[in-house]
Amino acid sequence: MKPCAVSIDLDAIDCYYKIHGLGAAPRELEHVIFERALPRAAKLFASRGLRVTWFVVGRDADADAPLPDRDSRAANAAALRELAQRGDELGNHSYSHPYDLARLPTKKIEDEIGSCDRVLRAIASTPPRGFRAPGYDVSAQMFDALARRGYRYDSSIFPAPGYYAAKAVVMGALALLRRPSGAVLANPRQLIAPADPYRPAMTAPWRRGQAPLVELPIAVTPWTRIPAIGTNLILAPEGIRTRVLAAMAKRELFNLELHGIDFADADKDGIPGELVARQPDLRVPIAEKLARLEAILDDLAKTWQFVTLAEVAADVQRTR
Ligand SMILES: [Zn+2]
């Protein structure tokens with residue numbers, strides 16, 4: 001059976017406030033993804049004996065930094081430690097999730113990757129092996145910072161032109177409303193990147209080359225390149241979902257990306273209406289979302305073998 005790796009990006013609610021140009025999120029929601037959504041996700045995966053990869057924004061679990069909410073950050077770190085001890089993988093998702101990370105000065109890129117790396121090493125005994133860039137945008141400088149730290153893989157390339165076009169339209173509309181989005185459009189060269197695992201070029205990671213680390217692109221269907229990511233699959237009508245999953249059979253890897261917010265419940269978790277109005281997934285109650293995700297995982301289990309991204313990367317490194 002071919003490998004399927006499930007990963008969860010633990011983006012805080014504040015990230016979604018930024019994307020939608022809503023300003024800063026209410027302070028009391030800062031840790032709601034860790035405190036409310038992560039336990040639901042962890043319970044579901046544990047009940048199925050499924051090991052997954054959590055992409056952590058370092059700041060949220062940094063118990064050593066002189067930041068407010070130290071107790072919350074220490075509790076978040078403890079929750080991650082428990083997952084790592086269970087066999088899950090912790091991946092680097094930068095320290096503070098700047099959407100424009102790929103365009104920042106080399107020193108800033110180095111800091112963001114290095115600080116998250118420090119946090120993850122303090123939490124788990126296994127050093128981090130993988131990275132996912134905020135907003136799916138990569139650069140040569142990022143790959144440099146990862147290679148020097150001995151990372152095995154990057155998993156940020158999201159070669160989905162349809163998603164890219166939709167994002168461009170929303171960002172343009174927000175700019176017209178003078179409420180600019182904090183999101184950034186990734187380098188369009190990534191849209192024609194390979195969609196199966198490959199060894200990238202260090203200077204142009206969207207092309208094939210000879211980098212020491214490998215690229216594990218996020219799932220898109222063959223030809224049409226429809227994103228097969230968690231939020232889409234959970235929201236899609238059953239007929240479309242079944243077709244997308246079936247189309248993925250031609251891929252070498254099913255790199256199924258979820259987000260912490262997929263496990264949030266607007267009512268139960270006290271998420272404000274201004275965000276719910278802009279995020280259709282928040283209008284589906286958690287019980288329904290979990291049921292749909294269980295159905296997706298049942299379907300996948302028939303033809304795919306669940307592994308972590310680090311395991312896939314080790315395999316790809318050996319054979320390519
Ligand atoms: Zn993210």
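Helices and strands are DSSP runs numbered from the N terminus, a helix having at least four residues and a strand at least two. In the predicted model analysed here, α3 (70-85), β3 (89-92), α4 (106-123) and α12 (309-319) each contribute at least two residues to the lining of the second largest pocket. The volume of this pocket is about 290 Å³. Its lining comprises 20 residues, and those nearest the centre are Asp-88, Glu-89, Leu-90, Thr-126 and Pro-127. The greatest contribution to this lining, three residues, is made by α3. By class, the lining of the second largest pocket consists of eight nonpolar, five polar and seven charged residues.

The largest pocket has a volume of about 780 Å³. It is lined by 31 residues, of which Tyr-16, Ile-19, His-20, Tyr-163 and Gln-279 are the closest to the centre. Two or more lining residues come from each of α1 (13-19), α6 (161-176), α7 (230-235) and β7 (254-259). The largest share is that of α6, with five residues. The lining of the largest pocket divides into 15 nonpolar, nine polar and seven charged residues.

A zinc ion is bound by protein donors from Asp-11, His-93 and His-97. Asp-11 appears twice in the donor list through OD atoms, whereas His-93 and His-97 each donate through NE2. The donor distances run from 2.1 to 2.4 Å. The angles subtended by the four donor atoms at the zinc ion range from 56 to 141°, and the arrangement is therefore irregular. For a tetrahedral assignment, all angles would have to lie between 85 and 135 degrees. Along the chain, the donors follow the spacing D-x81-H-x3-H. Asp-11 is located in the loop between β1 (2-9) and α1, and His-93 in the loop between β3 and α4, so this pair ties together parts that are 82 residues apart in sequence. Asp-11 and His-93 are both buried.

Thr-308 was also examined. This residue is placed in the loop between β8 (304-306) and α12. The relative accessible area of Thr-308 is 4%, and the residue is classed as buried because this value falls under the 20% cut-off. When neighbours within four places in sequence are left aside, the contacts of Thr-308 are Ala-5, Arg-51, Val-52, Thr-53, Gly-87 and Glu-89. One of these contacts, Glu-89, is also among the residues nearest the centre of the second largest pocket.

Methods: Residues are numbered from 1 along each chain as its sequence is written. This is a predicted model: local features need pLDDT of at least 70, side-chain atom pairs count only at pLDDT 80 or more; totals for chains, interfaces and linings use all residues. Side-chain values use heavy atoms; hydrogens and water are left out. On a 1 Å grid over the protein atoms alone, a cavity is a set of points where a 1.4 Å probe fits but cannot get out, and a pocket is an open set with protein on both sides within 12 Å along at least five of seven lines; lining residues have an atom within 4 Å of a point. Grid points are joined across faces, edges and corners, and a volume is the space filled by probe spheres set on the points. Ala, Val, Leu, Ile, Met, Phe, Trp, Tyr, Cys and Pro count as nonpolar, Asp, Glu, Lys and Arg as charged, and the others, Gly among them, as polar. Buried means under 20% relative accessible area, exposed over 50%, partly exposed in between (1.4 Å probe, protein chains only). Contact means heavy atoms within 4.5 Å. Donors are N, O and S atoms within 2.8 Å of the metal (3.2 Å for Na, K and Ca); water is not among the atoms, so sites may look incomplete. Four donors count as tetrahedral if all angles lie between 85 and 135 degrees; four count as square planar and six as octahedral if opposite donors are over 155 degrees apart and all others between 65 and 115; anything else is irregular.
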